[in-house]
Amino acid sequence: MTAAPSLLRRHGGGVSLVIDPRGAGRVLYWGPALPAITDGLWNAEPPATPDPGGAAPLVPLTGWGYGGLPALSGRWAGGGWAPRLAVTAVSGEGQALSLTLADPGGALSVVLDWELDADTGVLTGTAAVTNHGAEPYRLDGCAALCLPLPGWVDEALTFEGGYIREFQEHRQPIGPGALVRENRRGRTSHDSFPALVAGEAGFGAVHGSLFAVHLGWSGNHRLTLETLAAGTRVLMAGELLLPGEVVLAPGETYRTPPAYAVAADGGLNGLMARTHAHVRRRILPRVPLPERPVHLNTWEAVYHAHDPQGLGDLARAAAAVGVERFVLDDGWFHGRVNERHGLGDWWPDPSKHPGGLAPLAEAVRALGMRFALWVEPETVNPGSTLHTDHPDWLLRLPGDPDGRRQYVLDLGREAVADHLFARIDALLRSAPVDMLKWDMNRDLAGTGWQGEPAVRRQVAGVYRLIDRLRATHPHLEIESCASGGGRADWGILARCERIWVSDSMDAHDRLSMQRGFTLFFPPEVMGAHVGRGQSAVTGRRLELDFRCAVALFGHMGVEWDLRGINAEERDRLAAWIALHKRHRALLHGGRWVRLPLDDRAVTGHGVVAGDGGSALYLVAQQVTRPGIVTVRLPGLAPGAVYRVTVPEPSPCPLPWGRAGLRFTGAHLAAAGLRLPLGTPDEAVVLHLERCGGETS
Ligand code: DGJ
């Protein structure tokens, strides 16, 4: 047995991290907290250098003879591409850890900055690459985090989807070779949300040990999970760099966006306990998030057809059902007759808003609501004043197609950023606007700056512009939207309070989107609107109760022309909004759980108060399946006795009626409730209140 090396350890939030810093360095352990560090951890394998492919060093590199995917790749202009980085310095107090790795020739260094959160157990990592050589170094890629996973991890969950079908979960077995998920669209994308979850086969809502990674970045990304020849698994996350996108001059440094790694027991509910806590405490720009007002968004009510009288009527109808914030969507600005015109000219169209936005905003405020405004600052329509005055402000390569007949503005250019700042700043001063719905309806694929790819430069420019606006208007809130949920990640979430999940209000489709979305986002940032009876995008007709029950659990809103609804619909919608408000603190502050339902016909989730004293659950039937559904309710205090009721206005399928029966938390988690659901489009909301027993 060799002498015990001096290991680096961090513990926090029920997670342990142990690193052997010798040679190239190696993560010996990352996972659920270890009571003690034993010899077995470091003695089982030889030191990390040189490594023939058995295990991954801290920064896996081809130069070490490592046979898997490298965490860093690049090339000096004068030749040289296979550095051998070894740990040269270690620092970091408390939960932080900083490791410097350098090439023996001294031409390249990588600094890994890691922090294991003491409360949430989430590990945040970035890498900074510096070119100390005499020649420019073209960096082709650098992972922000690279972590080994145990060999028993053999099932992966990734995300797929598309416009109006965001956040779809995809399961697959982990086999030999690499599982690679990339985004090259320049926005976070609808089809490849930047996260990967891996765990023991068959992991579910309440069982399984899991490992997950998320990249907090709103541009391109690359996530890999590779099985090495010796069976070891390696998880990596980083920004995807396009050819030539980063060329480091001598002395220059590239820093990756942050990657967040989560190790959790207790299945996906255990994972969400950590991700939601981390977002609430460490990611959101305001902690705690102020109470979320119920929205009405004008898009599906009026589209581009704005007129003061109609909008005033809509605002009055919104106030009558309990809406608290009126969001004026696309259509209000100069020349915006349809999506082919106007982008760039950010002042009110005099034919639609003759006195500017202030009269409408004041009328909205007089009705007791706040006023919010839609903008899409990053793009421009040909023919707008902005485009005519500054045709050279585009981020465009020759031949770049004009997707949705709009171009992307180069936010890396100071004059462009200053112009946009001045325009939006003026708008915010012209009327009492307390939130911007910040949209972006174009991929960046095919764009570029002076012939070079410029996604990274653009994302940094967007972040800078938002940061500057927020600093100037400290009370401003922002909703991130990109043709629905095309820009949802913790990078943008550090700058906004809400994410628009999808342009589909179809409540059936929303259920699966909400499932995927809530794996990395808590419900209070999840825009969830009650749409019209017949979905504007899928054409499906759904009952009001079903639509409301699905929207109830997020940041609730309405996306519907309320001027045309009848009194019965109005009263029912108002009752659902009142239910949301009554339980808002629980819905937006409790612990979100997914129901362990094997039956694909039924889906459900719930929110349990931090002290286990109350809970709300949703059980929704999605496919016809006559009979009784047994629904187990996780997350409750096992020894507590709960009264289970169905709150108004939720339909009540319970055989014993609305008044409620008493059950222990243990009974509900193990045996569950038997519900007579059967036809699709049926949903029931259950309210649980502790009325006795033990608190744990
Ligand atoms: C796409 C968004 O997702 C919609 O909610 C709406 O704001 C439209 N853009 C407006 O153009």
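This talk covers three helix pairs, the ligand site and a few backbone oddities in a predicted model.

Let's start with the ligand. The ligand has 13 residues around it. Which are the closest? They are D329, D330, K437, D439 and D503. Now the polar contacts. Take D503. One of its polar side-chain atoms sits 2.4 Å from a ligand oxygen. Next, K437. Here a side-chain N or O atom is 2.7 Å from an oxygen atom of the ligand. Then G484. This residue uses its backbone: a polar backbone atom of G484 is 2.8 Å from a ligand oxygen.

On to the helices. I'll take α10, α11 and α12 in order.

Helix α10 runs over residues 507-517. Its axis comes within 9 Å of the axis of α11, and the two cross at roughly 15°. Angles under 35 degrees count as roughly parallel, so α10 and α11 are roughly parallel. What is the handedness of the crossing of α10 and α11? It is left-handed. From α10, the contact residues are A507, H508, R510, L511 and Q514. From α11, they are F546, R547 and V550. By class, that contact has 4 nonpolar, 2 polar and 2 charged residues.

Now the other partner of α11. Helix α11 spans residues 544-551, and helix α12 spans residues 567-582. The axes of α11 and α12 come within 10 Å and cross at roughly 20°. The pair α11 and α12 is therefore roughly parallel. The crossing of α11 and α12 is right-handed. So note the two hands: α10 with α11 is left-handed, whereas α11 with α12 is right-handed. Who meets whom here? L544, D545, C548 and A549 come from α11. E569, R572, L573 and W576 come from α12. How do the residues of this contact of α11 with α12 divide by class? There are 5 nonpolar and 3 charged, with no polar residue.

Third pair: α7 and α8. Helix α7 covers residues 414-430, and helix α8 covers residues 455-472. Their axes come within 10 Å and cross at roughly 35°. The crossing of α7 and α8 is right-handed. On the α7 side, the contact involves A417, D418, L420, F421, I424, D425, L428 and R429. On the α8 side, look for L465, R468, L469 and T472. The classes in the contact of α7 with α8 are 7 nonpolar, 1 polar and 4 charged.

Last topic: the backbone. A reminder first. Most residues other than glycine have a negative phi, and most peptide bonds are trans.

Two cis bonds to look at. The peptide bond from V287 to P288 is cis, with omega near -5°. Where is P288? In the loop between α2 (267-283) and β20 (295-297). The other cis bond joins E648 and P649, with omega about 5°. P649 also has a loop address, between β34 (640-645) and β35 (661-664).

And one phi. I164 is not a glycine, yet its phi is positive, about 60°. I164 lies in the loop between β10 (155-162) and β11 (165-173).

To recap. D503, K437 and G484 each place a polar atom at a ligand oxygen, at 2.4 Å, 2.7 Å and 2.8 Å. Helix α11 is roughly parallel to α10 and also to α12. P288 and P649 follow cis bonds, and I164 has the positive phi.

Definitions and conventions
Residues numbered from 1 in each chain as written. Predicted model: local features only at pLDDT ≥ 70, side-chain atom pairs only at ≥ 80, totals over all residues. Heavy atoms only, no water. Axes fitted to C-alpha atoms, helices over the stretch in contact; angles between N-to-C directions. Helix = DSSP H or I, 4+ residues; strand = E, 2+ residues; numbered from the N terminus. Parallel < 35°, antiparallel > 145°, perpendicular 65-115°, else oblique. Left-handed = near helix turned anticlockwise from the far one by under 90°. Contact = heavy atoms within 4.5 Å. Nonpolar A, V, L, I, M, F, W, Y, C, P; charged D, E, K, R; others polar. Near = heavy atom within 4 Å. Polar contact = N/O pair within 3.5 Å; in protein donor to acceptor, adjacent residues only side chain to side chain.
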